[in-house]
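Trainee: Could we go through this structure together, one question at a time?
Mentor: Gladly! Take a look at it, then ask away.

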Amino acid sequence: MAAKRGLIIMSPKGAEEMEVIITGDVLERGGIHVDYAGLTGAEPVECARKARIVPSIAFDDAQNKEYDIVILPGGQPGSNTLAETPKVGDLLKKQADAGKWIGAICAAPIALLSHGIKTEVLTSHPSVKDQLVKGGYTYSEDRVVVSGKVITSRGPGTAFEFALKIVELLEGTEKANSLIEPMLLKI
C-alpha cells in the first residue's frame, strides 16, 4: 500500500509558519509524506512572522499530482492570496470532486468560501468568522471541525490538534494516538 500524501500550499508571502511546520511535521511523523508547495514557485516563502520556508515543490508541478489531503495554512496576507488565486480554486475543486480531503486552518477557510467549496460546518480564526457566516456556512467554535471531507481549525494554537486529526482520518486513531506521548503533548 502506497504511503499517503499531503500537500501544504504556501502563498508567496504571509503564510502562518506554525501552521505550516507543525502540521507538516506531525503528518510526516504519522507516515504521511508532505510536499510544501510554493504558490509562485520553489523560491523561499516569507511567512507572517518573517521566517523563511523553502518549498519542496512548485505549485504548478504539485497540481499535476494526486494527494490524499490538500492543506491551506492561514496567516495574512497569505490566506487572502489563497482565496484570490484561481489555480488554488481549481485544485480544491479537483480534490473535492475526487472525494479527497481538504484542510484549512486559521483564516484559510475564506479560500473555501471564495472557491465554492461546500461543507456543512466549519471553524476558523475569529477574525474571519463573520465573513464565513455571511457566506452561508454554519459556524462552530470547536477547535477542530470535520464535516464531510473538509477539516478546519482555529489557528496556530490548534495546529497540533488539527494535524493529529488529519493523521487520525488518514492513518487511524491508533497511529494518531501513538504520536502524542513522544511529542509530550497534552491533548
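Trainee: What span should the 13 residues of helix 1 have at 1.5 Å a residue?
Mentor: Keep in mind that this is a predicted model. The end C-alpha atoms of helix 1 (residues 17-29) are 18 Å apart. That agrees with the span that 1.5 Å a residue gives for this helix, which is 18 Å.

Trainee: Which residue just after helix 1 takes a positive phi?
Mentor: Move along the chain to the spot just after helix 1. The phi there is about 90 degrees, and the residue is Gly-31.

Trainee: Why are the buried residues of helix 4 on the same side?
Mentor: Start with the names: Val-88, Gly-89, Leu-91, Leu-92 and Gln-95 are buried in helix 4. An α-helix has 3.6 residues a turn, so residues three or four places apart point the same way. The buried residues of helix 4 are on the same side because they cover an arc around the axis of only 165 degrees.

Trainee: Which exposed residues does the face of helix 4 turned away from its buried side carry?
Mentor: First see what covers the buried residues: strand 1 (5-10) and helix 5 (109-114) are among the elements that do so. The face turned away from the buried side of helix 4 carries the exposed residues Pro-86, Asp-90 and Asp-97.

Trainee: At roughly what angle do the axes of helix 7 and helix 8 cross?
Mentor: The axes of helix 7 (residues 159-171) and helix 8 (residues 173-180) come within 6 Å. The contact includes Leu-164 and Val-167 of helix 7, and Ala-176 and Leu-179 of helix 8. Its residues divide into five nonpolar, one polar and three charged. As for the crossing of the two axes, the angle is roughly 145 degrees.

Key. Residues are numbered from 1 along each chain as its sequence is written. This is a predicted model: local features need pLDDT of at least 70, side-chain atom pairs count only at pLDDT 80 or more; totals for chains, interfaces and linings use all residues. Side-chain values use heavy atoms; hydrogens and water are left out. Axes are lines fitted to C-alpha atoms, for helices over the stretch in contact, and angles run from 0 to 180 degrees between N-to-C directions. Helices (H or I, at least four residues) and strands (E, at least two) are DSSP runs, numbered from the N terminus. Contact means heavy atoms within 4.5 Å. Ala, Val, Leu, Ile, Met, Phe, Trp, Tyr, Cys and Pro count as nonpolar, Asp, Glu, Lys and Arg as charged, and the others, Gly among them, as polar. Buried means under 20% relative accessible area, exposed over 50%, partly exposed in between (1.4 Å probe, protein chains only). The arc is that of the directions from the helix axis to the C-beta atoms. The expected span of a helix is 1.5 Å times one less than its number of residues.
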